[in-house]
Amino acid sequence: MNHGQIDSASPFGLLLEIDARARRGREGSDARLRAQAHWTGVGFSVLGKRLVAPMGTVTEILKVPPLARLPRVQPWVEGVASLRGRLVPVIGLAAFLGGQPALAWRGRRVLVLGGGFDCALLVDEVHGLKHFAAESFRDRATGVEPALLPYIGGFYSGAEGDWAEFRPDLLLGDTRFLDAAR
């Protein structure tokens with residue numbers, strides 16, 4: 001074997017050959033070279049609708065913790081929970097929207113929201129992280145509960161269908177939501 005030549009039967013030679021083939025396969029392929037912009041959020045359900053909250057607005061996803069009931073609050077305030085030493089109000093999102101929560105208590109989860117106003121939303125089910133192509137975003141879609149519309153920023157389409165973008169900042173800015181005392 002010459003000094004500058006590598007035996008293609010050697011493991012290192014095979015790796016170099018695979019690398020060369022991979023580089024040739026990428027050349028000229030615009031579809032593979034361009035990076036597609038993505039949007040990621042936390043998928044969940046409430047009132048039978050699939051919603052997705054932007055990443056960063058949900059700081060934790062928990063099983064429903066023990067709740068202490070509060071006197072003289074709206075019926076949609078489920079109570080207050082101690083989460084890592086903080087007292088956080090837990091709001092039943094379905095009840096706030098005027099509906100009934102899903103019957104399956106085991107599937108319910110609490111989405112802890114951050115952003116200066118700590119609170120948690122009790123939702124029917126969490127579907128995990130959802131990823132969408134940024135270009136799949138649209139402003140309008142049909143089939144959304146009228147009570148949800150003030151908190152929807154738009155819609156994303158994916159392999160599983162349409163998901164409404166739930167905007168916690170719009171909920172936290174709603175005076176009806178902030179007026180939880182009776």
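## Strands β5 and β7

In this predicted model, β5 and β7 run parallel and are joined by three bridges. One residue pair marks the register: glycine 92 has leucine 122, in β7, as its bridge partner. Strands of a sheet pair through backbone hydrogen bonds, either parallel or antiparallel.

On the β4 side, the direction of pairing is antiparallel. Six bridges join β4 to strand β5, residues 86-92. Here glycine 79 has valine 90 of β5 as its bridge partner. The hairpin of β4 and β5 has two residues between the strands. Arginine 84 in this hairpin takes a positive phi near 55 degrees.

## The sheet around them

β5 and β7 belong to an open sheet of five strands. The order is β3-β6-β7-β5-β4, and the pairing is mixed. Two strands sit at the edges, β3 (58-63) and β4 (77-83), and each of them pairs on one side only. On average, neighbouring strands of this sheet are turned by 30 degrees against each other, direction ignored.

At the β3 edge, the partner is strand β6, residues 109-113. These two pair in the antiparallel sense over five bridges. Valine 58 has leucine 113 as its bridge partner in β6.

## A cavity lined by α3 and β7

The model holds one cavity of 30 Å³ or more. About 50 Å³ of space lies in the largest cavity. Its lining includes Glu78, Arg108 and Asp124, along with Pro101. Gly92 and Leu122, the bridge partners that link β5 to β7, are also among the lining residues.

Two elements give two or more residues to this lining: α3 (93-96) and β7 (119-123). The largest share, three residues, comes from α3. By character, the lining residues divide into six nonpolar, one polar and three charged.

## The second sheet

Another open sheet of five strands has the order β8-β1-β2-β10-β9. Its pairing is mixed. β8 (125-133) and β9 (152-158) stand at the edges with a single partner strand each, so one side of each is left without a neighbour in the sheet. Neighbouring strands here are turned by 35 degrees against each other on average, direction ignored.

Strand β1, residues 38-46, pairs with β8 in the antiparallel sense. Eight bridges hold this pairing. Among the residues involved, glycine 41 has lysine 130 of β8 as its bridge partner.

## The largest pocket

About 150 Å³ of space lies in the largest pocket. Twelve residues line this pocket. Lys49, Arg50, Val144, Asp162 and Ala164 lie nearest its centre.

Two strands of the second sheet take part in the lining. β2 (49-54) and β10 (161-166) each supply at least two residues. The pocket lining divides into seven nonpolar, two polar and three charged residues.

## Confidence

The mean pLDDT of the chain is 87. Of its residues, 88% reach 70 or more. One stretch to treat separately is residues 28-34, where the pLDDT is below 50. Beyond near neighbours in sequence, this stretch has three contacts in the model.

Terms used:
Residues numbered from 1 in each chain as written. Predicted model: local features only at pLDDT ≥ 70, side-chain atom pairs only at ≥ 80, totals over all residues. Heavy atoms only, no water. Pairing = 2+ DSSP bridges. Helix = DSSP H or I, 4+ residues; strand = E, 2+ residues; numbered from the N terminus. Axes fitted to C-alpha atoms, helices over the stretch in contact; angles between N-to-C directions. pLDDT = per-residue confidence, 0-100. Contact = heavy atoms within 4.5 Å. 1 Å grid on protein atoms, 1.4 Å probe; cavity = no way out; pocket = protein on both sides within 12 Å on 5 of 7 lines; lining within 4 Å. Points joined across faces, edges and corners; volume = space filled by probe spheres on them. Nonpolar A, V, L, I, M, F, W, Y, C, P; charged D, E, K, R; others polar.
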